[in-house]
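Visitor: Could you take me through one part of this structure closely? I would like to follow a single helix and what packs around it.

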Amino acid sequence: MMKKRTPVILKPFKPTRYKYEKLRVCRNCGNYTILWDESCPQCGKSLLLGIENMALMKVKLQMQTERLIAVLITLAAVLFSSTFQHIAWSLGLGAGGIILLSLVQRSMLEAQVPYQIQKILETSTRRLMEGLKLNIEAAYDMRSSDEPLAYEMMREIATVVYSDRLRLQQLKLLCSFQLRKDMDLQLEELLISDFEEEMVDYIGEIARIKPELIRERIILYVTQHEPEILILSRGQEILTAVAGAALRKARYVTLYPEFMERYARHLPKERFLRLYHLIMEQEELRSTSLAKEVADIHRNRYTQNADISISADGEASS
Amino acid sequence: MITYGCIGILFLFVLVRSLIYRSKRKHRLSLEEIDRELLAIVNEGRESS
């Protein structure tokens, strides 16, 4: 599957500590958005506020209302006072009560915000879903005019929306871009449950330019879909690239020795020698069929350069 | 008499609010829980990984 890839510049992804921090809500219409627009996509007003700030604002408003209630009760006490002494007592005790309430509120302000965020999410689920739907539609529409921006929008939405359809759209866009090592690329976040040609194509590209992103879940995906991948024109090349990238960690070789064995023969020299040395270092691997296969390949191809070899029964010798 | 009643209500109100605040602080909701809840709301009925 060789397509013409276009050179693009992608903005780096700005992760937040918590996913909800990406959400913003319009103070005018209550619409939610996860995109970085200045104005609300629904009403067009520049009144977007982070959900945490919105919660803080609501908590402060609620506390203000409570203080107002305390003031009104104090005023009622003053109003029903029959003597000056009663008025003085009412004012004094009322002021004391209000100050006490204010102090309690101030010390509890921070702890109230998470509850308020929860309340906002629970009471405005419909609006939240509608807002995210609008965001997804905007990203899909953007594909025809600005593909990199469409991808960036989808990447932002995918922070909270876990959908294979959305991931597949991102993969389709990524497969049309000329990917570079300096790009802020994701892989595990885009992993979809079923076999998809775009997914495999992207894994192959990542294995080539950013092998550090090839982790256990990715190796598991390619091993699960190996027969389907091998049918593809670049299938073997991609699987070899994944096997080569997986050699960064000895653990992956220990976990997937059969996979390594199947592609050891196709590995480039530098990757193959890395595998050879990993097996030499890992005692539990020396008696496996992977070690035998690697020893055979090593003997046939690289013996003149090596000072160590593995015997056919898996024993290492100098 | 009503004055005393009002002042009593005021202090009862302050006490009740303080207890509610205190109980919420004691069983403080973590921000990770909010994240989980958000993801559950958004991805309900949707395939996820």
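**A helix and its neighbours**

Guide: Happily! Over residues 64–81 of chain A, the chain is 89% helix and 0% strand, with the end C-alpha atoms 26 Å apart. That stretch is covered by the annotation "transmembrane region" in an unreviewed UniProt entry; UniProt positions follow the numbering used here, feature names are shortened, and annotations may be inferred rather than shown by experiment. A word on the ground rules: this is a predicted model, where local features need pLDDT of at least 70, side-chain atom pairs count only at pLDDT 80 or more, and totals for chains, interfaces and linings use all residues. Residues are numbered from 1 along each chain as its sequence is written, chains are lettered from A and ligands numbered from 1 in the order in which they are written, and side-chain values use heavy atoms, with hydrogens and water left out.

Now to the helix packing. Helix H1 (residues 51–79) of chain A packs with helix H1 (residues 2–26) of chain B at an angle of about 165°, their axes being 7 Å apart. Helices (H or I, at least four residues) and strands (E, at least two) are DSSP runs, numbered from the N terminus. Axes are lines fitted to C-alpha atoms, for helices over the stretch in contact, and angles run from 0 to 180 degrees between N-to-C directions. H1(A) and H1(B) are therefore roughly antiparallel to each other (angles under 35 degrees count as roughly parallel, over 145 as roughly antiparallel, 65 to 115 as roughly perpendicular and the rest as oblique).

On H1(A), the contact residues include Glu66(A), Ile69(A), Ala70(A) and Ile73(A), and on H1(B) they include Ile7(B), Leu10(B), Phe13(B) and Arg17(B); contact means heavy atoms within 4.5 Å. By class, this contact of H1(A) with H1(B) has twelve nonpolar, three polar and two charged residues (Ala, Val, Leu, Ile, Met, Phe, Trp, Tyr, Cys and Pro count as nonpolar, Asp, Glu, Lys and Arg as charged, and the others, Gly among them, as polar).

There is also a sheet to visit. Three strands of chain A form an open sheet in the order E3-E2-E4, with antiparallel pairing; two strands pair if DSSP finds at least two bridges between them. Its edge strands, E3 (32–33) and E4 (48–50) of chain A, each pair on one side only. Strand E2 (residues 24–26) of chain A pairs with E3(A) over two bridges, and Arg24(A) has Thr33(A) in E3(A) as its bridge partner. H1(A) packs on this sheet, touching E2, E3 and E4 of chain A, and its direction makes about 85° with that of E4(A).
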